[in-house]
Amino acid sequence: MFDGEWLCLDGIEFECTIGVTERERLAPQKIVVNLRLDVDFSGVKTSDAIADTVDYRAVSRLVVTAGTKSSFQLIEALGGYLGRTLLEEFPKIRRVNVEVWKPGALSAARGVGVVMLATRNECEARGRGER
């Protein structure tokens, strides 16, 4: 799954309204996001210019802003939303592997998480109404 070159961001944290039950949705809950961004690094390897890659500070800001403003029942829906948002905002990202973790969701586990892969082709097909 991780063939090629990936820009990695681990441990992006924010709070948002998420959960199925009314009790879960009463107060914002902590979410932790890990990202693997499939980016072509061929230009930046020689240019050393931020314009030839994806600015990880901008990626982190977008995830925190979009995540904080979001309201979903399921972490799967949040992960899909974040993947689509990143692909729409950063044209240099070809694929994004999004991990969304909800710490403390279960008393018997440190957290519950999902791992999702979003591709530019999927995003563009959805924009055209394809499935």
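Let's start with one residue: Thr119 is buried, with a relative accessible area of 18%. That value earns the label because buried means under 20% relative accessible area. Thr119 belongs to strand β5, which covers residues 111-119. Leaving aside residues up to four places away in sequence, Thr119 touches Leu87, Arg94 and Arg95.

Keep in mind that this is a predicted model. Across the chain the pLDDT averages 92, and 92% of the residues score at least 70. Confidence is lowest in helix α5 (residues 120-127), with a mean of 70, and highest in helix α3 (residues 56-69), at 98.

**The sheet**

Now step back to the sheet. Five strands form an open sheet in the order β3-β1-β2-β4-β5, and their pairing is mixed. Its edge strands are β3 (71-72) and β5, each of which pairs on one side only. What holds neighbouring strands together? Strands of a sheet pair through backbone hydrogen bonds, either parallel or antiparallel.

Strands β1 and β2 run antiparallel and are joined by nine bridges. On the other side of the order, strand β2 (residues 29-39) pairs with strand β4 (residues 93-103) over eight bridges, also in the antiparallel sense. You can look for some of the facing residues in the structure:

| Residue | Partner residue | Strand of the partner |
|---|---|---|
| Leu9 | Leu35 | β2 |
| Leu37 | Val96 | β4 |
| Val39 | Ile93 | β4 |

Why is β2 described as largely enclosed by the rest of the structure? Ten of the eleven residues of β2 are buried, so the surroundings largely enclose this strand.

**Helices on the sheet**

Two helices are worth tracing here. Helix α3 lies across β1 (6-18), β2 and β3, and runs at about 20 degrees to β1. Helix α4 packs on the sheet too, touching β1, β2, β3, β4 and β5, and its direction makes about 150 degrees with that of β4.

Helix α4 spans residues 75-89, which makes 15 residues. From its first C-alpha to its last it reaches 21 Å, close to the 21 Å expected at 1.5 Å a residue. Which residues of α4 are buried? They are Ile75, Leu78, Gly79, Gly80, Leu82, Gly83, Thr85, Leu86 and Leu87. The last of these names, Leu87, has come up before, as one of the residues that Thr119 touches.

**A pair of rings**

How many aromatic pairs are there? The count comes to one aromatic pair. The rings of Phe72 and Tyr81 have their centres 5.5 Å apart and their planes at 45 degrees, so this pair is tilted. The reasoning is simple: planes under 30 degrees apart count as stacked and over 60 as edge-to-face, so the rest are tilted. Phe72 is partly exposed, with a relative accessible area of 21%, and Tyr81 is partly exposed as well, at 27%.

**An unusual spot in a loop**

Finally, find Asp48 in the loop between α2 (44-47) and α3. Asp48 has a positive phi of about 60 degrees although it is not a glycine. Is Asp48 buried or exposed? With a relative accessibility of 72%, Asp48 counts as exposed, whereas Thr119, where we began, is buried at 18%.

Conventions
Residues are numbered from 1 along each chain as its sequence is written. This is a predicted model: local features need pLDDT of at least 70, side-chain atom pairs count only at pLDDT 80 or more; totals for chains, interfaces and linings use all residues. Side-chain values use heavy atoms; hydrogens and water are left out. Rings of Phe, Tyr and Trp (its six-membered ring) pair if their centres lie within 6.5 Å; planes under 30 degrees apart count as stacked, over 60 as edge-to-face and the rest as tilted. Buried means under 20% relative accessible area, exposed over 50%, partly exposed in between (1.4 Å probe, protein chains only). Helices (H or I, at least four residues) and strands (E, at least two) are DSSP runs, numbered from the N terminus. The expected span of a helix is 1.5 Å times one less than its number of residues. pLDDT is the predictor's confidence in each residue, from 0 to 100. Contact means heavy atoms within 4.5 Å. Two strands pair if DSSP finds at least two bridges between them. Axes are lines fitted to C-alpha atoms, for helices over the stretch in contact, and angles run from 0 to 180 degrees between N-to-C directions.
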